[in-house]
Amino acid sequence: MVRQIKNMTKLELCNLYGINVFRFTKDRRVKRKYLCLLALWCLLLVMLAGYLGGLSYGLISLGLGEVVPAYLLTISSLMIFVFGMLKAGSMIFRREGYEVLCAMPFPAGVLAVSRLLRMYAENLLLTVFVLLPGCAVYAWELRPGASFYLAVFLEIWAAPMLPMAVAVLAGALVTGISSRMRHKSLAASVLSVLAVLVMLLLTSRLSVMEGSIDAEMMKNLSAVVTGVLKKVYPPAVWLGMAAVHADLAQGLLGVGVSVAVFAAVSAGVVVCFPNICQRLCGSFAAHSYHLGGLKAGSVMAALVKREFRRYFSSSVYVTNTIIGPVMGCVLAGAVFVTGTDSLERLLPVSFPVRSLIPYALAGAFCMMTTTAVSISMEGKNWWIAKSLPLSAKQVLDAKIVMHLLLVLPFYAVAEVLLILALKPVGWELAWLVLVPAVLIVFSSVYGIVVNLHVPVLQWEHEVSVVKQSASSILGGLGGFVIAVFSAAGAAVVGGAYAGVYHGGICLAVALVTAWLYWGGQRFDLWGKVE
């Protein structure tokens with residue numbers, strides 16, 4: 001059985017991030033795309049390393065050097081939990097290839113263990129990229145002993161286990177509950193989004209230090225930060241203190257808890273794996289179908305309905321793209337409940353928050369658009385769209401319209417809440433409505449254009465498209481980045497020129513959107529997207 005697990009794990013790891021495709025493909029265009037994606041990932045990793053290194057240096061400068069390992073472990077664990085929970089169910093219980101693999105002469109638990117080990121390998125890489133930059137700065141500045149390096153080495157292997165176990169447990173529960181429902185994908189998406197929102201709410205409540213920090217607290221700031229980290233994630237403090245103070249007891253406690261929880265959750269997943277997969281792969285068919293009246297509709301309406309059916313058939317697709325609009329409504333609700341005074345107190349400089357709210361709302365809605373991966377999600381069914389008597393404009397317009405119709409209810413709710421909270425009048429009301437609307441339209445058009453140039457139609461499972469493809473990164477964050485830089489400009493301009501600035505941003509973004517849309521219609525859709 002160990003040999004079977006080894007072989008299946010090797011097969012899973014060979015397909016990690018498309019390594020096998022890059023190794024054996026003869027298509028230079030495919031190799032060039034993978035090299036560009038590798039360069040993009042390297043750039044993001046360098047930025048992450050710079051940020052974490054700077055954060056660690058700042059903590060050390062404040063005299064908080066002993067909390068650096070625990071702080072980094074908390075960051076990596078939260079990232080593993082959030083990203084892991086959104087993909088755990090679809091990765092471990094994915095349908096692709098299950099019918100073939102379940103007929104193989106080995107227990108179904110072998111397949112579950114191999115997929116768990118694949119997730120662990122991915123989370124281990126994330127932990128390495130988060131811990132090493134900060135720990136390197138810590139080692140350079142404070143010159144710790146040999147026990148620190150040994151403890152960090154052991155923590156890198158143990159740190160991903162506990163957050164991954166909790167993420168897998170949450171993902172398995174969501175998948176198991178939804179597998180008993182008729183609309184499995186939609187139910188899994190709703191449960192996943194609710195779980196993420198609850199986690200963010202609990203984390204934000206736990207991580208807030210009650211009261212103001214006085215002089216006495218400043219003297220014991222390290223203890224204060226350690227206390228906050230204990231509330232958020234105690235195992236990180238155990239492992240962090242083991243590295244800083246060479247505390248063997250706390251280190252063994254953290255490693256033991258992580259391994260025990262990971263082993264227990266893995267055992268539960270292995271036991272429930274066949275049952276959940278069978279329910280997910282099954283379908284419900286009613287025998288009471290009666291042909292009613294036939295209705296004729298427009299081509300665009302039929303294409304938009306097709307896009308919605310494809311969208312709601314994938315829980316990974318829904319969960320990762322609906323979080324932004326949901327967070328936009330949460331942001332608007334927070335402003336409606338607390339007002340802008342509490343937000344102004346959190347900012348390092350004094351200027352009206354009202355001028356930034358339209359860009360903050362736009363950034364939330366543009367965080368990950370459906371159009372950024374809508375072509376890639378066609379996958380092996382792309383030939384169906386190619387065989388229909390349709391133009392490129394009709395296909396692309398349907399994908400853009402689908403995204404706009406999807407976010408429209410969330411946008412309307414957020415705008416109503418902000419209008420009731422801020423009570424804007426005149427041009428302020430116009431910019432509050434227009435700025436997010438223009439950026440949302442831009443992000444949808446920009447996403448489809450990026451996906452036109454870097455599509456991924458050959459994929460093993462949807463996670464690799466929605467989370468790991470170049471189009472999901474470049475296309476999904478374009479509108480968000482513009483919203484962030486525009487907000488920074490609004491903070492600088494402000495005053496009497498705020499209206500001119502908002503109008504200039506709207507006009508510039510609208511012109512770029514029109515140019516991208518015109519270029520997308522001229523794209524050789526059927527010839528180049530293969």
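Trainee: I'm looking at the side chains of Glu378 and Arg306; in what do they meet?

Mentor: Side chains of opposite charge can pair when their charged atoms come close. In this predicted model, Glu378 and Arg306 meet in a salt bridge, with 2.8 Å from N to O. Glu378 lies in the loop between helix H17 (357-365) and helix H18 (382-387), while Arg306 belongs to helix H14 (residues 299-312), so this pair ties together parts that are 72 residues apart in sequence.

Trainee: Is Glu378 buried or exposed?

Mentor: Glu378 counts as buried because its relative accessibility is 5%, and the cut-off for buried is under 20%. Its partner Arg306, at 23%, counts as partly exposed.

Trainee: With which residues does Glu307 form salt bridges?

Mentor: One partner is Arg306, where the closest N and O atoms are 3.4 Å apart. Another is Lys399, with the closest N and O atoms 2.9 Å apart. Glu307 sits in helix H14 and Lys399 in helix H19 (residues 392-422), so this pair ties together parts that are 92 residues apart in sequence.

Trainee: And are Glu307 and Lys399 buried or exposed?

Mentor: Glu307 is buried, with a relative accessible area of 7%. Lys399 is buried too, with a value of 1%.

Trainee: Which residues are linked in the network of salt bridges?

Mentor: Follow the pairs we have just met: Arg306, Glu307, Glu378 and Lys399 are linked in a network. As for the whole structure, it holds six salt bridges.

Trainee: Let's turn to cysteines. How many disulfides does a search of the whole structure find?

Mentor: The thing to look for is a pair of cysteine sulfur atoms within 2.5 Å. Here the search finds zero disulfides. You can still read the surroundings of a cysteine: Cys506 is buried, at 11% relative accessible area, whereas Cys42 is partly exposed, at 40%.

Trainee: Now the overall picture. How many helices and strands does the chain have?

Mentor: There are 24 helices and zero strands. The chain has 530 residues, and buried ones make up 46% of them. Its accessible surface is about 26600 Å², and carbon and sulfur atoms account for 71% of that. To read how the chain folds back on itself, look at contacts between residues with a separation of 6 or more: 83% of them join residues 24 or more positions apart.

Trainee: Which residues touch the most other members of the largest nonpolar core?

Mentor: To find a core, look for buried nonpolar residues joined through side-chain atoms. The largest one here has 70 residues, and Ile92, Phe93, Met164, Val168 and Val269 touch the most other members. Helix H6 (residues 108-142) gives the most to this core, contributing 13 residues.

Trainee: What does Val269 touch, leaving aside residues up to four places away in sequence?

Mentor: Val269 touches Ile92, Phe93, Leu116, Val168 and Ala172. There is also a second, separate core of 41 residues, and Ala332, Trp382, Leu418 and Ile440 are among them.

Terms used
Residues are numbered from 1 along each chain as its sequence is written. This is a predicted model: local features need pLDDT of at least 70, side-chain atom pairs count only at pLDDT 80 or more; totals for chains, interfaces and linings use all residues. Side-chain values use heavy atoms; hydrogens and water are left out. Buried means under 20% relative accessible area, exposed over 50%, partly exposed in between (1.4 Å probe, protein chains only). Helices (H or I, at least four residues) and strands (E, at least two) are DSSP runs, numbered from the N terminus. Contact means heavy atoms within 4.5 Å. Accessible areas come from the Shrake-Rupley method with a 1.4 Å probe; for residues, only the protein chains shown count as cover. A nonpolar core is a set of buried Ala, Val, Leu, Ile, Met, Phe, Trp, Tyr and Cys residues joined through side-chain atoms within 4.5 Å. A salt bridge is a side-chain nitrogen of Lys or Arg within 4 Å of a carboxyl oxygen of Asp or Glu.
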